[in-house]
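Take a walk through this model, starting with its charged side chains and moving on to its packing. Keep the structure open as you read.

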Amino acid sequence: MRQSLGFLAVFLYLKIAYLSLVASSDRLQVSWPTPNQAFVNGLGYHAFLQKTGPDKDFSSGAFGCVRNNGNKFHEGIDLSPVKSSWSGKAEDHVYAAMDGIIKYVNLNASSSAYGKYIVIEHEKFTPSLYTLYGHLDSISFGLKSGSTVKVAQQIGLMGNTASYKIPLNRSHLHFELGIRLSDRFDSWYSRQMFKTKNNHGNFNGYNLAGIDPLLFYSSFQKVGFHHPAEYLESLPVILKILVPSQIIPDLLRRNPSLSSTYSKNVHFNGWECWIGPYGIPLKFEASTSVPSDKSLRIIEYNEKYDRNNCRKLIMKKNGKLQPSELLKTYLEIIFVE
C-alpha cells in the first residue's frame, strides 16, 4: 500500500509540474526533468539547485561562469532531489524534457565526467536541440540509442555517477540544453593532441554547446513558443564574424533554416556567422568578401553581452579585437571537413 501511495505521489508531482509547463496543444510541449515543482512555482535556487559543496552558494549549481570564483564554466544546471534514502541516495525519477529520439546512451560511468548519461535530440524542431541527463544512477529498462521518447516520459533515476567522486548526499541531475555542433566531430578530435580517446563520438561534451536551461524554461513560462527556434531567435547576437571557408557546415546541412542563402544557388567563399551567448551559432549567411589573407574577420561586436570572463568570445590584444580560443575552437568544429 505504501509503495502504491509513493508511486501515486510521484505521478501527481510530475503531472503538476508537467501541466505547469505545457502550453496549448499547437505549441511546444515541455516538461521539467525532475519531480521538483520549485522552479515551476517561482522559488529560488535553494529550492531546486544542488550546490557543489556545503560551504558553497546554491548558484554554483546554475549555468554559466559559476565555478571557481567565476573562472570556470558550467554547461548545464545541477538539480537536487526531492526525495532521498536514509543514506542520502537520491530516489527521484528523471523525465524527458520534450518529445525526441535518444541519440546516445553511456552506461560506463567511469568514462565520462557526466557518468551514466543520456542525450536526446529533438529533431522535429528547427534547429534541433539536444537535452543531456547526466550522473544517472540507472537508465529506464529498454531505452537505447534510437528509442523514441515522449515529453515527461521517465528515462532514468537520479544518481551520483561520474569519472570523479560525487558524494552520495550530493546526488543530482546534471541537465543540459543546447546545440550539437557537428556530425564530423571525431575528425576534429583526432587532429588534436588530446591524451584520451574520444569514447563518445558526436556526443562528447566538446561538441555540445549549451544554452541556459533556466532562461529557456522562464521564457516558455512567460510566452510559450511553437518551437525552440523562437527562443534561439530571441537571443542577442553578440558578434558577426566572417569565416573564410567553402565548406557547408554540417550544422547547417542538418538545420537549413539557420541560413537564408543556404538553399540558393549562390557562389560563396566564406560565411558570415552570427554568434549568440556563450558561443551558440545562430545564423550563417554565404559571403564572397573574404580577406585576402583568409583570416577570421570580426564584422560586428556587441561587447555589453560578452562580459562572462570564463567564456569570453572576443579578446583585446595590442588594442585589437581578436577571437578567443573558445570561439576559434567552436568555429573549427563547425567547419571541420
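Arginine 180 is buried, at a relative accessible area of 6% in this predicted model. Its charged partner is glutamate 121, and the two side chains meet in a salt bridge with an N to O distance of 2.4 Å. Is glutamate 121 buried or exposed? Glutamate 121 counts as buried, because its relative accessibility is 2% and the cut-off for buried is under 20%. Arginine 180 sits in strand β10, residues 173-180, while glutamate 121 sits in strand β6, so the salt bridge ties together parts that are 59 residues apart in sequence. The pair also belongs to a network: salt bridges with shared partners join Glu121, Arg180, Asp183, Asp250 and Arg254.

How many salt bridges does the structure hold? There are 14. Another one of them pairs glutamate 123 with lysine 103, with the closest N and O atoms 3.0 Å apart. Glutamate 123 lies in the loop between β6 (116-122) and β7 (129-139), and lysine 103 lies in strand β5, residues 100-106. This pair links distant parts of the chain, 20 residues apart. Here the setting is partly exposed: glutamate 123 has 38% relative accessibility, and lysine 103 has a relative accessible area of 26%.

Lysine 83 and glutamate 91 form a further salt bridge, and their closest N and O atoms are 3.9 Å apart. Lysine 83 is partly exposed at 47%. Glutamate 91 is partly exposed too, at 35%.

Now turn to the covalent link. The structure has one disulfide. Cysteine 65 is joined to cysteine 310, with 2.1 Å from S to S. The link is left-handed, with -95° about the S-S bond. Cysteine 65 belongs to strand β1 (residues 64-67), and cysteine 310 to the loop between β15 (297-301) and β16 (314-317), so the disulfide ties together parts 245 residues apart in sequence. As for cysteine 273, it counts as buried, at 1% relative accessibility.

Next, follow helix α3, residues 213-223. Its buried residues are Pro213, Leu214, Phe216, Tyr217 and Phe220. Why do they fall on the same side of α3? They cover an arc of only 160° around the axis, which puts them on the same side. The general geometry helps here: an α-helix has 3.6 residues a turn, so residues three or four places apart point the same way. On the face turned away from the buried side, α3 carries the exposed residues Lys222 and Val223.

Both ends of α3 repay a look. At its start, a side-chain oxygen of aspartate 212 comes to within 3.0 Å of the backbone nitrogen of leucine 214. Just after the helix, glycine 224 takes a positive phi of about 65°.

Phe216 leads from α3 into the core. The largest nonpolar core has 74 residues, and those that touch the most other members are Trp32, Tyr133, Ile155, Phe216 and Phe284. Helix α6, residues 325-334, gives this core its largest share, six residues. What does phenylalanine 216 touch, leaving out residues up to four places away in sequence? Its contacts are Leu28, Val30, Met98, Leu129, Leu177, Ile211, Phe225, Pro228 and Tyr231. A second, separate core has eight residues, including Tyr114, Tyr117, Val119 and Leu208.

Finish with the backbone. Most residues other than glycine have a negative phi. Alanine 152 is not a glycine, yet its phi is positive, about 75°. Alanine 152 is placed in the loop between β8 (148-149) and β9 (154-158). Its relative accessibility of 13% makes it buried.

Asparagine 318 also has a positive phi, about 50°, although it is not a glycine. Where does asparagine 318 lie? It lies in the loop between β16 and β17 (320-323). Asparagine 318 counts as exposed, because its relative accessibility is 75% and the cut-off for exposed is over 50%. Of these two loop residues, then, alanine 152 is buried, whereas asparagine 318 is exposed.

Note on methods
Residues numbered from 1 in each chain as written. Predicted model: local features only at pLDDT ≥ 70, side-chain atom pairs only at ≥ 80, totals over all residues. Heavy atoms only, no water. Disulfide = S-S within 2.5 Å. Helix = DSSP H or I, 4+ residues; strand = E, 2+ residues; numbered from the N terminus. Buried < 20%, exposed > 50% of the residue type's maximum accessible area, 1.4 Å probe, protein only. Arc of directions from axis to C-beta. Polar contact = N/O pair within 3.5 Å; in protein donor to acceptor, adjacent residues only side chain to side chain. Salt bridge = Lys/Arg side-chain N within 4 Å of Asp/Glu carboxyl O. Core = buried A, V, L, I, M, F, W, Y, C linked by side-chain atoms within 4.5 Å. Contact = heavy atoms within 4.5 Å.
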